[in-house]
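Q: Please take a close look at one local site in this model, starting with its solvent exposure. Then set it against the loops, charge pairs and surface patches elsewhere in the chain.

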Amino acid sequence: MAEIRLCFVVGTFAPTVIESISEENATLPCQHKLGLLGNNLDIEWLSNNSDHGQKVILSYSGGQVYENRELKGRYSFVADFLTGDATIFIRSLEPNDAGLYTCKVKNAGQYAWSHVILKILVKPSEPDCWIEGEQIVGRNVTLHCKSSAGSLPMKYYWQHLKHQEYSGYLPTRPGSPQQLFLQNVSKADNGSYRCIVSNQAGSRICYAYLTAQTPTNVAFLVGIICGSIGGVLFLVLLCWYLFRKKELKKREEDEFLNEIREDAEAPKARLMKPGSSSSGSRSSRSGSSSTRSTTNSASRSQRTLSTQEAPHGDSRHHCLEQI
């Protein structure tokens with residue numbers, strides 16, 4: 001006769017939903033009654049998410065516990081799984097840990113299944129706070145608060161610091177809780193504003209500081225700023241002018257010295273003409289000197305004769321006057 005084996009499936013198929021917070025720990029339950037049926041107990045925990053599909057994360061078979069090396073020891077059995085508690089512990093949850101987990105227990109032809117849906121709640125990211133509009137008394141300004149990541153829904157609340165205490169929640173426009181609109185601001189509206197962003201996982205806070213000034217003060221500050229900028233520009237231009245003037249003066253002095261050097265070198269160039277000999281120059285100089293001496297002698301003799309003739313002429317003229 002052919003041997004007939006029966007397979008019994010024990011367990012529930014309705015999944016258990018567990019919500020946990022990112023960066024914290026989680027426990028996934030799995031209870032079974034197959035530990036005392038024999039020595040062939042097998043346990044497998046499988047995960048199924050969008051990142052990696054279905055894979056075994058932790059198992060027990062043949063008296064050994066096997067871990068998935070890619071998960072770096074983040075999964076472990078919590079209790080004595082041989083007696084009926086195959087619950088596992090997950091360390092430091094990450095957003096991609098969310099998904100469907102299946103616990104499968106087998107022993108002596110019997111199976112026990114359980115399913116767990118793990119939801120990961122992420123705290124709001126650090127929000128940014130800023131002010132839009134001119135911070136002048138009588139104008140309108142809008143305070144903004146924005147958190148870029150976190151599990152939905154996220155809620156926004158605004159508070160104003162007065163007398164060393166934050167007030168209750170300030171009203172915001174319908175549909176825009178991230179914005180706090182302040183109309184016709186006054187100096188009483190100045191101070192610190194706190195934005196609280198919260199969801200099921202936790203909350204974050206950021207701050208904005210309003211410093212509305214009167215128009216006269218604003219004009220005074222603008223005048224000071226413009227005057228400071230103008231003074232700096234004037235100093236820069238003055239330094240540039242002085243430097244330029246000094247550079248031009250130095251250039252003129254250099255050109256003047258160069259002209260003096262050229263004038264001093266010109267006679268030397270004329271005295272040392274190429275092709276002329278020292279003897280020829282000396283003979284020419286002696287000839288010219290002899291000629292000059294002859295001319296000078298003639299001129300001196302003429303001056304002597306003229307001086308000698310002058311007294312005779314004067315005496316004759318004197319005699320005539322006497323007659």
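A: H163 counts as exposed because its relative accessibility is 78%, where exposed means over 50% relative accessible area, buried under 20% and partly exposed in between, with a 1.4 Å probe and protein chains only. The structure is a predicted model, in which local features need pLDDT of at least 70 and side-chain atom pairs count only at pLDDT 80 or more, while totals for chains, interfaces and linings use all residues. Residues are numbered from 1 along each chain as its sequence is written, and side-chain values use heavy atoms, with hydrogens and water left out.

The position of H163 is the loop between β13 and β14 (165-166); strands (E, at least two residues) and helices (H or I, at least four) are DSSP runs numbered from the N terminus. The backbone of H163 has a positive phi, near 55 degrees, in a residue other than glycine. E23 also has a positive phi without being glycine, with a value near 75 degrees. That residue, E23, sits in the loop between β2 (16-21) and β3 (26-28). E23 is classed as exposed because its relative accessibility is 68%.

On the other side of β13 lies the loop that runs between β12 (141-146) and β13 (155-162), and S151 is placed there. With a relative accessible area of 15%, S151 is buried. Its side chain reaches the backbone nitrogen of V122 at 2.6 Å, a polar contact (a pair of N or O atoms within 3.5 Å; within protein, one must be able to donate a hydrogen and the other to accept it, and residues adjacent in sequence count only if both atoms are side-chain atoms). The C-alpha atoms of K123 and S151 are 6.5 Å apart, although 28 residues separate the two in sequence. K123 belongs to the loop between β10 (110-121) and β11 (128-132). K123 has a relative accessible area of 37% and is therefore partly exposed. The loop that holds S151 also holds P153. L152 and P153 are joined by a cis peptide bond, with omega about 0 degrees.

A further long-range pair involves S47, which lies in strand β4. S47 and A98 stand 51 residues apart in sequence, with 9.2 Å between their C-alpha atoms. S47 counts as buried because its relative accessibility is 2%.

Charge pairs come next. Side chains of opposite charge can pair when their charged atoms come close. Where a salt bridge is a side-chain nitrogen of Lys or Arg within 4 Å of a carboxyl oxygen of Asp or Glu, the model holds seven of them. One of these joins the side chains of D42 and K106, at 3.8 Å from N to O. This pair links distant parts of the chain, with D42 in strand β4 (residues 42-49) and K106 in strand β9 (residues 99-107), 64 residues apart. Both ends are partly exposed: D42 has a relative accessible area of 22%, and K106 has 33%.

E70 and K55 form another salt bridge, at 3.6 Å from N to O. Here too distant parts of the chain are linked, since E70 is in the loop between β6 (64-67) and β7 (75-77) and K55 is in strand β5 (residues 53-61), 15 residues apart. E70 is exposed, with a relative accessible area of 63%. E134 and R139 meet in a salt bridge at 2.1 Å, N to O. E134 is partly exposed at 47% relative accessibility, and R139 is partly exposed with a relative accessible area of 39%.

Helix α1 (residues 215-271) contains E253, and Y241 is in α1 as well. E253 takes part in a surface patch of negative charge together with E252, D254, E255 and E259. Patches consist of residues with over 30% relative accessible area and no salt bridge, joining like charges within 9 Å and nonpolar side chains (Val, Leu, Ile, Met, Phe, Trp, Tyr) within 5 Å. Asp and Glu count as negative and Lys and Arg as positive, with His and the chain ends not counted; a charge is placed at NZ of Lys, CZ of Arg, CG of Asp or CD of Glu. E253 is partly exposed, with a relative accessible area of 44%.

Y241 belongs to a nonpolar surface patch with F234, L235, L238, W240 and L242, and the accessible area of this patch is about 690 Å² in total, by the Shrake-Rupley method with a 1.4 Å probe, where for residues only the protein chains shown count as cover. Y241 counts as partly exposed because its relative accessibility is 47%.
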